[in-house]
Amino acid sequence: MDRPPIIKVENLVKKFGNITAVRGIGFEVEEGSIFGFLGPNGAGKTTTINVLCTLLSPTSGSASIDGHDCMKQSALVRKSIGIVFQDTTLDKDLTAFENLSFHAYLYGVKKTEIKGRVDEALKFVNLYERKNDLVKKFSGGMKRRLEVTRGLIHRPRVLFLDEPTLGLDPQSRTNLWEFITELPRRHNVTIFMTTHYMEEAEVCNRIAIIDEGKIIAEGSPVELKKTVGGDVIYLSTTDNEGSLEILKRTLGLDASIKDCELYISTERADACLPELIRTLADRVLEVRIKKPTLNDVFLKLTGKAIREEGAGATDTIKEAVRAYRRRH
Ligand SMILES: Nc1ncnc2c1ncn2[C@@H]1O[C@H](COP(=O)(O)OP(=O)(O)OP(=O)(O)O)[C@@H](O)[C@H]1O
Ligand SMILES: [Mg+2]
């Protein structure tokens, strides 16, 4: 860590009756970073956020934000944080301007400063032109942008985003991410976020993966992907048997034939690919490279895919089709 931790969590436990939602977790979040808290449904993500945001008291353990104890100094913690909840909390019968003004007022922003801040916040998310429209007329993406900017209106040090892109179409998700990733630089804010979308977590500086109330892995996206091993090269050739011999004997690669394709496991595909293609030359028909994804990490650690989509899902479908063909 280059900068001091702004969030510190130690041995945090939260029980609801006989359900233990969080089982003794600990982590630190560096100031000015984007920290991703990932896990399947019911893993304990929202519970952890609620404890950090002082909305729930933990059963045991400790947590602090910007040096303030989340249990004993809740008023100071609340001043230091902004929250975008998993479920929307905008008032749909108020305008965009009114929603933000009310929030600024609640957070004690000076009356004379409210209008300026709200206008600035609306401009930041390209909603200034729509400031006098009722929120119920907004699309899902517009509402999400409004909520994120609302969370920033009192200039918090840490912004919690619980599933910020839930229910958005891919384009709105991309737009929202472009804006979220700007926040640490533009507002000097630290982001603590949860998501089910593994490809979104690629933007995080650090990630903690939580499953059944326990942190099962922590690291940067690159570090986590390294734990699943290297790249895979899929190769179609005019003569797979002959090519396999060459790959193994001449190039010393870890190759095998799977489903009428050559399958090569390697640390880094880009390091061996030029020589491989040079050696096999005209035999090569098609080459595909699959780099490990965060979804592979998740799959390996928890035995379940966090959400099957994108490249992962395509591979799963392809595999299912191949299995079907083998049987019929
Ligand atoms: N107020 C509550 N009372 C009882 N049990 C609760 C309460 N809040 C959460 N839980 C339980 O705690 C566990 C963790 O829930 P939590 O909402 O933290 O999960 P999550 O990781 O945020 O899941 P999701 O991805 O679905 O949002 C679940 O088993 C849930 O049923
Ligand atoms: Mg949740």
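## A tour from the ligand 1 site outward

Select ligand 1 and H196: an N or O atom in the side chain of H196 is 3.1 Å from an oxygen atom of the ligand. The model on screen is a predicted one.

**Stop 1: ligand 1**

Stay with ligand 1 and add T47, where a polar side-chain atom comes to 2.5 Å from an oxygen atom of the ligand. Then show the backbone of G44, which has a polar atom 2.9 Å from an oxygen of ligand 1. With a surface switched on, keep in mind that ligand 1 on its own would expose 630 Å², of which the protein buries 63%.

Now select the whole shell. Which residues are around ligand 1? They are F16, A21, P40, N41, G42, A43, G44, K45, T46, T47, Q86 and H196. Colour them by character: four are nonpolar, seven are polar and one is charged. Helix α1, residues 45–52, supplies the most to this shell, giving three residues.

**Stop 2: the magnesium ion**

Select ligand 2, the magnesium ion. Which atoms coordinate the ion? The donors are OG1 of T46 and OE1 of Q86, at distances of 2.0 to 2.3 Å. T46 sits in helix α1, while Q86 is in the loop that runs between β6 (81–84) and α3 (96–106), so the pair ties together parts 40 residues apart in sequence. T46 and Q86 are also both listed in the shell around ligand 1.

Check the surface at each donor residue. T46 is partly exposed, at a relative accessible area of 27%. Q86 is partly exposed as well, with 28% relative accessibility.

**Stop 3: the open sheet**

Switch to a cartoon view and pick out β2, β1, β4 and β5, four strands that make an open sheet in that order with antiparallel pairing. Which strands stand at the edges? They are β2 (19–30) and β5 (68–69); each has a single partner strand, so one side of each has no neighbour in the sheet.

Select β1 (residues 5–16) and β4 next: the two run antiparallel and are joined by five bridges. One position to mark is K8, which stands opposite S64 in β4.

Move on to β4 (residues 60–65) and β5, an antiparallel pair with two bridges. S64 has D69 of β5 as its bridge partner, and I65 has H68, also in β5. These two strands form a hairpin with two residues between them. Select D66 in the turn, where phi is positive at about 50°.

**Stop 4: two more positive phi values**

Most residues other than glycine have a negative phi. Two further selections depart from that pattern.

Go to T54, in the loop between α1 and β4. T54 is not a glycine, yet its phi is positive, at about 70°. Buried or exposed: what is the state of T54? T54 is buried, with a relative accessible area of 12%.

Then centre on E163, in the loop between β7 (158–162) and α6 (170–187). Phi of E163 is positive too, near 55°. At 2% relative accessibility, E163 is counted as buried.

**Stop 5: D231**

Select D231, in strand β11, which covers residues 231–237. This residue is buried, with a relative accessible area of 6%. What does the side chain of D231 reach at 2.8 Å? It reaches the backbone nitrogen of A269. Show K291 as well: the side chains of D231 and K291 are joined by a polar contact of 2.9 Å.

**Stop 6: C260**

Finish at C260, in the loop that links β12 (254–258) to β13 (261–266). Buried or exposed: how does C260 count? C260 is exposed, at 67% relative accessible area, whereas D231 from the previous stop is buried.

For a last selection, add L90 and draw a line between the C-alpha atoms of C260 and L90. The line spans 54 Å, between residues that are 170 apart along the chain.

Conventions:
Residues numbered from 1 in each chain as written. Chains lettered and ligands numbered in written order. Predicted model: local features only at pLDDT ≥ 70, side-chain atom pairs only at ≥ 80, totals over all residues. Heavy atoms only, no water. Near = heavy atom within 4 Å. Polar contact = N/O pair within 3.5 Å; in protein donor to acceptor, adjacent residues only side chain to side chain. Areas by Shrake-Rupley, 256 points an atom, 1.4 Å probe, with all protein chains shown as cover. Nonpolar A, V, L, I, M, F, W, Y, C, P; charged D, E, K, R; others polar. Buried < 20%, exposed > 50% of the residue type's maximum accessible area, 1.4 Å probe, protein only. Donors = N, O, S within 2.8 Å, 3.2 Å for Na, K, Ca; no water. Pairing = 2+ DSSP bridges.
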